[in-house]
Amino acid sequence: MITLTIDGQEIQVTEGRTILEAAREHRFPIPTLCYHEALAPFAACRMCVVELENRRGGQLVPACAYPCEEGLIVRTNSEKVRRSRRMTIELLMASAAHVPLIRAMAEELGVTTPRFTMEPDDCILCGLCVRACEEIVGVGAISVINRGIEKKVSPPFRIASNACIECGTCVLVCPTGAITLADITGGTQTVHPWESEFEAVDCRVCGHHYLAPELAEHTALLAEAEAGP
Ligand code: SF4
């Protein structure tokens with residue numbers, strides 16, 4: 001076991017835990033945006049920064065990716081932490097001030113009017129959808145492409161866009177509602193900012209009109225199932 005101090009309280013956690021996991025286990029709230037417990041830490045959004053008390057006098061680190069160490073002294077809500085989170089949320093508000101989650105986080109941090117403005121966009125580029133597609137579904141159909149203000153989530157190549165099977169996993173992890181499920185002819189289909197390029201067909205097994213991609217390997221599996229043992 002490792003002993004560390006969070007907000008003045010000494011706690012013990014098993015080795016290998018991150019500060020975020022330890023803090024949540026002991027009910028210290030830390031806000032997150034690009035973190036999902038089913039995915040590897042990404043440390044991109046910087047909302048989960050905490051302050052470490054050390055010889056350098058207060059270092060900010062992302063709690064989602066920083067491992068617990070023996071004797072660590074952590075502050076989850078110091079002025080330095082709140083200042084950093086306020087800047088992060090202000091930058092996010094530049095394009096996503098209309099997103100309820102972002103507004104709520106800003107309110108919690110006392111930010112009302114952002115100093116920066118950009119074209120409104122539901123997507124905050126947290127990367128959760130991309131990582132879920134890669135790590136959970138194992139497809140890797142989408143990616144964050146371009147740089148700077150041109151950055152967006154999209155299939156990187158034509159071949160990858162064909163790989164999207166409209167499973168909707170990205171919908172489940174998206175924190176802002178940038179990707180949603182729409183009802184289409186009695187079934188559901190993901191509505192996302194990128195284009196998928198596959199022939200959608202009705203399900204031939206259950207008879208319902210759930211849309212599914214007609215991929216060569218699926219067709220082969222179906223034929224095998226229909227042929228029986
Ligand atoms: S679409 Fe949603 S999950 Fe994907 S990067 Fe944008 S905000 Fe994150």
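Two strands count as paired if DSSP finds at least two bridges between them. In this predicted model, strand β1 (residues 2-6) and strand β2 (residues 9-13) are joined by five bridges and run antiparallel. Within the pair, Thr3 lies opposite Gln12 of β2. The two strands make a hairpin with two residues between them, and Asp7 in the turn has a positive phi of about 50 degrees.

The hairpin is one part of a longer list of elements: the protein has seven helices and 11 strands. Of its 229 residues, 39% are buried. The exposed surface comes to about 13300 Å², with carbon and sulfur atoms supplying 52% of that area. Among contacts between residues at least 6 apart in sequence, 47% join residues at least 24 apart.

The largest nonpolar core contains 21 residues, and Leu4, Ile6, Ile19 and Val74 have the most contacts inside it. Both hairpin strands, β1 and β2, give two or more residues to this core, as do α1 (19-25) and β3 (49-52). The largest share, four residues, comes from α1. Beyond its neighbours within four places in sequence, Ile19 is in contact with Val50, Leu52, Val61, Ala63, Tyr66, Cys68, Leu72 and Val74. A second core, separate from this one, has 20 residues, including Ile89, Met93, Val99 and Ala106.

The remaining topic is the ligand. It is surrounded by 13 residues, of which Cys123, Cys126, Gly127, Cys129 and Cys174 are the closest. By class, the shell around the ligand consists of 11 nonpolar and two polar residues, with no charged residues.

Technical notes:
Residues numbered from 1 in each chain as written. Predicted model: local features only at pLDDT ≥ 70, side-chain atom pairs only at ≥ 80, totals over all residues. Heavy atoms only, no water. Buried < 20%, exposed > 50% of the residue type's maximum accessible area, 1.4 Å probe, protein only. Contact = heavy atoms within 4.5 Å. Areas by Shrake-Rupley, 256 points an atom, 1.4 Å probe, with all protein chains shown as cover. Near = heavy atom within 4 Å. Nonpolar A, V, L, I, M, F, W, Y, C, P; charged D, E, K, R; others polar. Core = buried A, V, L, I, M, F, W, Y, C linked by side-chain atoms within 4.5 Å.
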